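Here is a set of short exercises to work through with the model open beside you. Try each task before reading its solution.

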Amino acid sequence: MGNDGGSIPKRRELVKNAARTPTVSELKATALESLSHAWEYDPLTSELLDLESVVSDWRGRLYNYESILKALMPNEAEADTTPPHPLANGEPPELSFASTGIKSLRDVVKLKFKRFAQPGKKGDGVWGCPVSQKELGPSTKSVYLVPCGHVFADIAMKQIQEEACPECSEPFESGDVVPILPTEKADLEKLAARLDDLKARGLTHCLKKDKSAGKKKRKAEETKESRREKEEPSTRPPRSDIATRVSGINNAATASLTAKVLAEQEERNKRRKLVAQK
């Protein structure tokens, strides 16, 4: 080493360079790279996203419809043993399905992208905003409307300020304009508050009724009733065996007839016992 016109860096110089704070341009480049990756790959399977059949959850994440459908199947536990589809760089999927919080197809909205042909160019064209025809992707902040799922550039929706979808004329509220892959803290907090409000109203992300909410309510009522019976056993009259056996019959006429037959059978049994005792 030496006599080659170069210089050997000292230790303090290496440490200083390694610990320096990234510049604004470097941070933007890293954020754009991460966003481009999220626009291109399904976080559950690491497969390429098919924008013709893509869905989004309340956070604005993008998934292939097929991967959500497979994950919701009852035998998915067996499917989890198969190795995931790797990325080109060999990285595994970013998320587990359990971490998404998706319990049914009502927790996602199927998105509707529109493709535009590029003048003077061959091919399938680009995915663009139906209003501004601006290309949609990591370089353009995009949003979709709930419940219809049509996708637009965020700036276009702010300019037109309509209360109905420009594509299908379905009404929507301002709170149901969901940003795709949001990066700003304010957007994430707004989406979390929206989900809490929907849950309080018994609705899911796609604005349909949350079936699990009814199940939870019934279970809570049953638990409450069970506790009451344990705490106050003496204040409640014991149910007869007949009442217990017919309580599960929904049809009133059938329940009445069953109770009558059981009562007659019980009476005959009592008479037989009396005769046997004599």
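Which residue in β8 does Y144 stand opposite? Y144 stands opposite V178. This is a predicted model, in which local features need pLDDT of at least 70 and side-chain atom pairs count only at pLDDT 80 or more, while totals for chains, interfaces and linings use all residues. Residues are numbered from 1 along each chain as its sequence is written, and side-chain values use heavy atoms, with hydrogens and water left out.

**Exercise 1. Get an overview of the chain.**

Step 1. Begin with the secondary structure: the protein chain has 10 helices and 8 strands. Helices (H or I, at least four residues) and strands (E, at least two) are DSSP runs, numbered from the N terminus.

Step 2. Turn to burial. Of the 278 residues in the protein chain, 27% are buried. Buried means under 20% relative accessible area, exposed over 50%, and partly exposed in between (1.4 Å probe, protein chains only).

Step 3. Add the surface: about 19900 Å² is accessible, and carbon and sulfur atoms account for 52% of it. These areas come from the Shrake-Rupley method with a 1.4 Å probe; for residues, only the protein chains shown count as cover.

Step 4. Finish with contacts (heavy atoms within 4.5 Å). Among those between residues at least 6 apart in sequence, 51% join residues at least 24 apart.

**Exercise 2. Trace the pairing and side chains of β6.**

Step 1. Find the partners, remembering that two strands pair if DSSP finds at least two bridges between them. Strand β6 (residues 142-145) is joined to β7 (residues 151-153) by 3 antiparallel bridges, and β6 also pairs with β8 in the antiparallel sense over 3 bridges.

Step 2. Look at the connection. β6 and β7 form a hairpin with 5 residues between them, and G149 in the turn has a positive phi of about 90°. One bridge partnership here puts S142 with A153 of β7.

Step 3. Sort the side chains. S142 and Y144 point one way, V143 and L145 point the other way, and all are buried.

Step 4. Zoom in on V143, whose relative accessible area is 2%. Leaving aside residues up to four places away in sequence, V143 touches H150, V151, F152, D154, M157, V177, V178, P179 and I180. The C-alpha atoms of V143 and A153, 10 residues apart along the chain, are separated by 6.1 Å.

**Exercise 3. Work out the order of the three-stranded sheet and place D57 and T100.**

Step 1. Read the order: this open sheet of 3 strands runs β2-β1-β3, with antiparallel pairing. β2 (62-64) and β3 (109-110) are at the edges with a single partner strand each, so one side of each has no neighbour in the sheet.

Step 2. Check one pairing. β1 (residues 54-56) and β3 are joined by 2 bridges, and V55 has K110 of β3 as its bridge partner.

Step 3. Follow the loop between β1 and β2, where D57 is found. D57 is buried, with a relative accessible area of 0%. Its side chain reaches the backbone nitrogen of R59 at 3.1 Å. Beyond four places in sequence, D57 touches Y63, I102, D107, V108, Y144 and H205.

Step 4. Move to T100 in helix α5 (residues 97-100). T100 is buried too, with a relative accessible area of 2%, and a polar atom of its side chain lies 3.3 Å from the backbone nitrogen of I102. Again not counting residues up to four places away in sequence, T100 touches L44, R59, R61, Y63 and L95.

**Exercise 4. Test the length of α7 and find its two faces.**

Step 1. Compare the spans. The expected span of a helix is 1.5 Å times one less than its number of residues. For the 16 residues of α7 (residues 185-200) that gives 22 Å, and the end C-alpha atoms are 23 Å apart, which agrees.

Step 2. List the buried residues of α7: D187, L191, R194, L195 and L198. They cover an arc of only 100° around the axis, which puts them on the same side of α7. The arc is that of the directions from the helix axis to the C-beta atoms.

Step 3. Ask what lies on either side. The cover over the buried residues of α7 includes β8 (177-179), while the face turned away carries the exposed K185, A186, D196, K199 and A200.

Step 4. Step past the end: just after α7, G202 takes a positive phi of about 75°.

Key
Polar contact = N/O pair within 3.5 Å; in protein donor to acceptor, adjacent residues only side chain to side chain.
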